[in-house]
Amino acid sequence: MTGDDIIALTKKHTIFEYAAQAAVEPIPVARAKGVYFWTPEGKRFLDFNSQLMCVNIGHSDPRVVKAIQDQAAILTYVTPGMATEPRARLGAKLAQLTPGDIDVFFFTNGGAEANENAFKIARAYTGRQKILARYRSYHGGTAAAIAATGEPRSWSQAALPGFVHVLDPYHGIERGWDSAGESLRYLEEVIRLEGPQTIAAFILEPVTGTNGILVPPDGYLQGVRRLCDHYGILMIADEVMSGFGRTGEWFAVNHWGVVPDMITMAKGLTSAYVQLGAVGFRQGIAEFFKDRPFPGGLTYSSHPLACAAALATIAVYDEDNLIDRARRTGILMADLLADLAARHPSVGAVRSIGLFGIVELVRNRETREPMAPFNGTSPEMAALGAFFRQEGLFTFVRWNYFFSNPPLSITDAELREGFAIIDRALVITDASVMA
């Protein structure tokens, strides 16, 4: 099929997520390899966002492809009530990788379901019902996951009872950051006012993803851990986006030496080659369900094909030393981001950790007025996105910012290729900066 044929048929019979359908202009994709993908007509794009921040090992790695093919030839599916070798081996491998004594896992189809089940586990284990979550967060599109989400994608959904939102330390480009101490005092006040005996868990992205690559101030996550311990609240780390090397560690919490009670994951778990998510929890929580029914179940839980893909993906991380590479290449990316900030007046802030990066754009560096409003766009941001597409750079442009989240396998030369396009593109937004 031609690119136009693919788009026409896709728009006629399928729905695109979180978008007014008439405004959608998808890129038709025929194949992908490494850090690039191509349209049917042969136009090449540099994947600077790892699609949805998930193709961490790069596209079409033959080792993972072969593992999927081999597993499909042997066993594609059994009921989750049975046990398979890929399931057994993956659980044991994740127990080696996850922090502390997190060594028991429930496998889901993706990140939203991992978070849904984390809430069920927390409520069953504690006997409490409330879930604390943060504004400027995204935890998935299913009922409870979107209720925990604290950004515009949750606005159109009826609020579920039992979810309480607290402010993130970051308040946007104009206001900036609270200190760890300020944020923790505020958080403790909310806990006291809500009644700690009513709160089952606090879910947070250790490094917030789509809402701005928000790296917490030092001491914040450690303080959250202490508050949760003090009040008997379970700490859930949503590592769906930040896990599996994205920040230069297997999991982002490792940067701050924090062990959550539960950790949710997906995306980089299989590098999105096959759908798979998981919620991992500490041994004490697992023991609770020895003599009590576990409160969750899914037709495709522990799917053998997905578990085989995850094992092969983890092997690639190890064989290619991708976690360390993300840390090292992340240093170069931080330098390239800083260079953009030094030379382009429309760059109001840059943030990164490992290969998890963002550029926030402003109209005025003194007032720090964003280049587009919260939950909105502007002609300049639209033109920036159009330039990226024209020049063959794929990344997300959202509100007043855009992302730099390439596959962990990217070379220095490929990274510089992407930043050269960004450098040219920022001429568009620089022209709108007010003196």
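1. Is the crossing of helix 7 and helix 8 right-handed or left-handed? The crossing is right-handed. This is a predicted model, and the points below take its sheets, helix pairs and cores in turn.

2. Start with that helix pair. Helix 7 covers residues 180-194 and helix 8 covers residues 220-231. Their axes come within 9 Å of each other. The crossing angle is roughly 25 degrees. Angles under 35 degrees count as roughly parallel, so helix 7 and helix 8 are roughly parallel to each other. From helix 7, the residues that meet helix 8 are Ala180, Ser183, Leu184, Leu187, Glu188, Ile191 and Arg192. Helix 8 answers with Tyr220, Gly223, Val224, Leu227 and Tyr231.

3. Helix 7 also meets a sheet. It lies across strand 5, strand 6 and strand 7 (199-204). Against strand 6, helix 7 runs at about 155 degrees.

4. Now the sheet itself. It is open and has 7 strands, in the order 4-10-9-8-7-5-6. The pairing is mixed. Strand 4 and strand 6 (163-166) are the edge strands, each pairing on one side only. On average, neighbouring strands of this sheet are turned by 20 degrees against each other, direction ignored.

5. Both edges of this sheet can be described through their pairings. At one edge, strand 4 (residues 102-108) is joined to strand 10 (residues 277-282) by 6 bridges, and the two run antiparallel. Phe107 has Ala278 of strand 10 as its bridge partner. Strand 4 is mostly covered, with 5 of its 7 residues buried. At the other edge, strand 6 is joined to strand 5 (residues 130-134) by 4 bridges, and these two run parallel. There, Ile131 stands opposite Phe163 of strand 6.

6. Another open sheet has 4 strands, in the order 1-2-3-14. Its pairing is mixed too. Strand 1 (31-33) and strand 14 (393-394) are the edges, and each pairs on one side only. Strand 2 (residues 36-38) and strand 3 (residues 44-47) are antiparallel, with 3 bridges between them. Tyr36 stands opposite Leu46 of strand 3.

7. Which helix lies across strand 2, strand 3 and strand 14? Helix 13 (residues 412-430) does, at about 105 degrees to strand 3. Helix 13 also packs with helix 12 (residues 379-390), their axes coming within 9 Å and crossing at roughly 155 degrees. Angles over 145 degrees count as roughly antiparallel, so helix 12 and helix 13 are roughly antiparallel to each other. Their crossing is right-handed. Glu380, Ala383, Leu384, Phe387 and Phe388 are the helix 12 residues involved. They meet Ile421, Ile422, Arg424, Ala425, Leu426, Ile428 and Thr429 of helix 13.

8. Next, helix 4 (residues 85-97) and helix 10. Their axes are 9 Å apart, at an angle of about 40 degrees. This angle makes helix 4 and helix 10 oblique to each other. Helix 4 passes helix 10 in a left-handed crossing. The contact uses Pro86, Arg87, Arg89, Leu90, Lys93, Leu94 and Leu97 of helix 4. On the helix 10 side are Pro304, Cys307, Ala308, Ala310, Leu311, Ile314 and Asp318.

9. One residue of helix 10 deserves its own point: Thr313. Is Thr313 buried or exposed? Its relative accessibility is 0%, so Thr313 counts as buried. Neighbours within four places in sequence aside, Thr313 is in contact with Ile57, Val64, Gly268, Leu269, Thr270 and Ser271.

10. Finally, the cores. Nonpolar side chains tend to be buried together in soluble globular proteins. Here, the largest nonpolar core has 64 residues. Leu90, Leu94, Phe244, Met265, Leu361, Phe419 and Ile422 have the most contacts inside it. Helix 10 (residues 304-319) gives the most to this core, with 10 residues. Apart from it lies another core, of 32 residues, including Leu132, Leu204, Val207 and Leu227.

11. A closer look at Phe419 rounds off the note. Which residues does Phe419 touch, not counting those up to four places away in sequence? They are Phe48, Met333, Leu336, Leu337, Leu340 and Ser404.

Technical notes:
Residues numbered from 1 in each chain as written. Predicted model: local features only at pLDDT ≥ 70, side-chain atom pairs only at ≥ 80, totals over all residues. Heavy atoms only, no water. Core = buried A, V, L, I, M, F, W, Y, C linked by side-chain atoms within 4.5 Å. Buried < 20%, exposed > 50% of the residue type's maximum accessible area, 1.4 Å probe, protein only. Contact = heavy atoms within 4.5 Å. Pairing = 2+ DSSP bridges. Axes fitted to C-alpha atoms, helices over the stretch in contact; angles between N-to-C directions. Parallel < 35°, antiparallel > 145°, perpendicular 65-115°, else oblique. Left-handed = near helix turned anticlockwise from the far one by under 90°.
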